[in-house]
Amino acid sequence: MSLPTSVAIIGAGMAGISAARALDEAGITVELFDKSRGTGGRMTSKRTDHGEFDIGTQYFTARHHAFRAEVESWHEKGWVARWQPRLCRIDEQGIHPSDDEQDRYVGSPRMTALSRGLLGNLTLHGSVRITRLEQHDQSWMLIDSEEGQYGPFDRVIVATPAPQAAPLLAAAPQLARAAEQMAMEPGWAVSIGFDQPLNIDVDAAFVRTGPLDWICANHSKPGRAENCNWVLQSTPQWAQQHLDTPPAEVAGLLLHALGEALQTPLPPAQLLQAHRWLYARPAEDCDWGALAAPDLGLYACGDWCLAGRLEGAWLSGRHAAQAVLGHH
Ligand code: FAD
Ligand code: NAD
């Protein structure tokens with residue numbers, strides 16, 4: 001099969017951008033489409049009048065040798081920095097220091113600095129929600145929610161969360177079925193801006209009791225403003241039970257849970273906001289790498305094709321690019 005000259009990628013999160021860069025390096029023209037204005041997907045930072053908050057990906061680790069080498073290059077470019085928080089584990093017995101040797105990285109000065117750096121000069125069509133794909137004479141047209149048309153493209157990579165990928169993969173029923181069957185779990189993230197520092201020796205904690213899963217002092221990450229900003233994340237189970245709870249109520253409940261977890265009175269919150277992630281993480285890891293219907297020129301990637309971590313998304317994007325290039 002001949003090499004494509006143009007590839008459309010739907011989704012400019014880590015998986016889509018990873019695929020885009022690999023194809024660009026191979027000399028292929030790529031265009032990215034995202035329903036959000038910018039890049040990053042679930043690796044995002046929210047701007048507020050109390051500073052910025054990382055409300056999705058909190059940090060990432062690198063285990064696979066290829067990803068380790070890639071992260072090293074990001075580090076050299078200044079897009080990411082190592083983060084060495086005072087880590088704890090919180091359970092029914094209380095707060096236990098839990099420092100370890102793991103290297104953890106964050107985008108610097110905010111999570112989206114990484115996706116912006118990776119995007120570079122690649123073409124991104126932001127605020128474009130693709131609703132269907134049409135194939136004409138071996139090439140693809142992308143149709144958006146306003147009936148705008150983009151194309152033709154030789155190949156299409158769908159790099160959205162599984163439930164959003166399934167309808168776009170309708171032309172390849174096997175791929176659509178795989179995406180439909182991959183359950184993704186929800187999560188709530190709460191941003192809190194306190195008016196003064198908390199009186200504790202904890203930067204972040206894995207929580208093993210109550211509705212919280214993770215708490216983190218956003219300002220402990222390199223490059224952030226000094227405002228006392230915390231991010232709380234719920235367990236998927238709690239989020240499932242509170243999917244339709246109003247955000248203000250969720251924010252109040254999780255703020256209360258923070259006080260309980262830290263066993264300390266909290267200062268007044270100047271900012272309190274909740275964000276619901278309907279598709280926060282795949283319910284399980286798998287070993288697909290990426291999905292491919294080479295006869296149609298249709299591909300899919302995302303963390304749900306490997307593992308629900310930033311590394312899984314990056315590796316899956318690479319797998320999709322390899323499949324487009326005909327390397328397996
Ligand atoms: P996404 O980032 O979801 O990108 C998909 C993109 O597709 C999005 O930008 C979306 O807007 C776009 N899109 C969807 N549908 C359409 C459409 N129809 N048309 C156009 N665009 C569309 N991982 C870690 O490694 N460490 C962590 O600490 C961590 N914490 C997390 C905390 C939270 C709250 C969440 C939600 C996730 C966390 N993760 C973490 C997981 C990590 O964020 C993901 O694994 C990774 O970002 C997924 O990347 P992706 O490219 O597969 O998908
Ligand atoms: P990691 O190696 O730091 O952590 C993996 C898991 O090991 C943690 O979730 C925690 O349970 C445990 N752990 C690690 N270090 C610990 C310590 N010092 N003390 C106590 N427990 C410790 O990171 P990773 O494997 O790259 O995973 C990324 C993180 O992303 C995980 O924390 C995961 O829960 C989180 N995540 C969250 C969401 C969400 O929606 N909230 C989605 C995807 C991933």
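**Note on the predicted model: ligand 2 shell, domains and selected residues**

1. Around ligand 2 there are 16 residues, of which Thr 61, Ser 98, Gly 187, Ala 280 and Arg 281 come nearest. The coordinates discussed throughout belong to a predicted model. By class, the shell around ligand 2 consists of 5 nonpolar, 6 polar and 5 charged residues.

2. Two strands each supply at least two residues of this shell: β6, spanning 87-91, and β18, spanning 269-282. The largest share comes from β18, with 3 residues.

3. The domain assignment divides the protein chain into two domains built from separate segments. Domain 1 comprises 6-37, 126-181 and 284-324, whereas domain 2 comprises 46-114 and 184-282. Their C-alpha centres are 29 Å apart.

4. Contact between the domains involves 12 residues of domain 1 and 12 residues of domain 2. On the side of domain 1 that touches domain 2, α4 (162-168) and α8 (310-324) each provide at least two residues. Helix α8 gives the most to that side, namely 4 residues. The composition of the side of domain 1 that touches domain 2 is 7 nonpolar, 1 polar and 4 charged residues.

5. An unreviewed UniProt entry lists residues 120-325 under "domain: Amine oxidase". In the model, the end C-alpha atoms of residues 120-325 are separated by 22 Å. Helix accounts for 26% of the span and strand for 35%.

6. Helix α2 covers residues 65-77, 13 residues in total. From its first C-alpha to its last it reaches 19 Å, close to the 18 Å expected at 1.5 Å a residue. Gly 78, just after α2, adopts a positive phi of about 85 degrees.

7. Glu 52 merits separate attention. This residue is found in strand β4, which runs over residues 51-54. Is Glu 52 buried or exposed? Glu 52 is classed as buried because 21 other C-beta atoms lie within 10 Å, and the cut-off for that class is 20 or more.

8. Beyond its neighbours within four places in sequence, Glu 52 is in contact with Ser 45, Lys 46, Arg 47, Arg 110 and Arg 224. With respect to Ala 320, Glu 52 is 268 residues away in sequence, and the C-alpha to C-alpha distance is 33 Å.

Definitions and conventions. Residues are numbered from 1 along each chain as its sequence is written. Chains are lettered from A and ligands numbered from 1 in the order in which they are written. This is a predicted model: local features need pLDDT of at least 70, side-chain atom pairs count only at pLDDT 80 or more; totals for chains, interfaces and linings use all residues. A residue is near a molecule or strand if its C-beta atom, placed from the backbone, lies within 6 Å of it. Ala, Val, Leu, Ile, Met, Phe, Trp, Tyr, Cys and Pro count as nonpolar, Asp, Glu, Lys and Arg as charged, and the others, Gly among them, as polar. Domain bounds come from an automatic or database domain assignment. Two residues are in contact if their C-beta atoms, placed from the backbone, lie within 7 Å. UniProt positions are given in the numbering used here, feature names are shortened, and annotations may be inferred rather than shown by experiment. The expected span of a helix is 1.5 Å times one less than its number of residues. A residue is buried if 20 or more other C-beta atoms lie within 10 Å of its own, exposed if 12 or fewer, and partly exposed in between; C-beta atoms are placed from the backbone.
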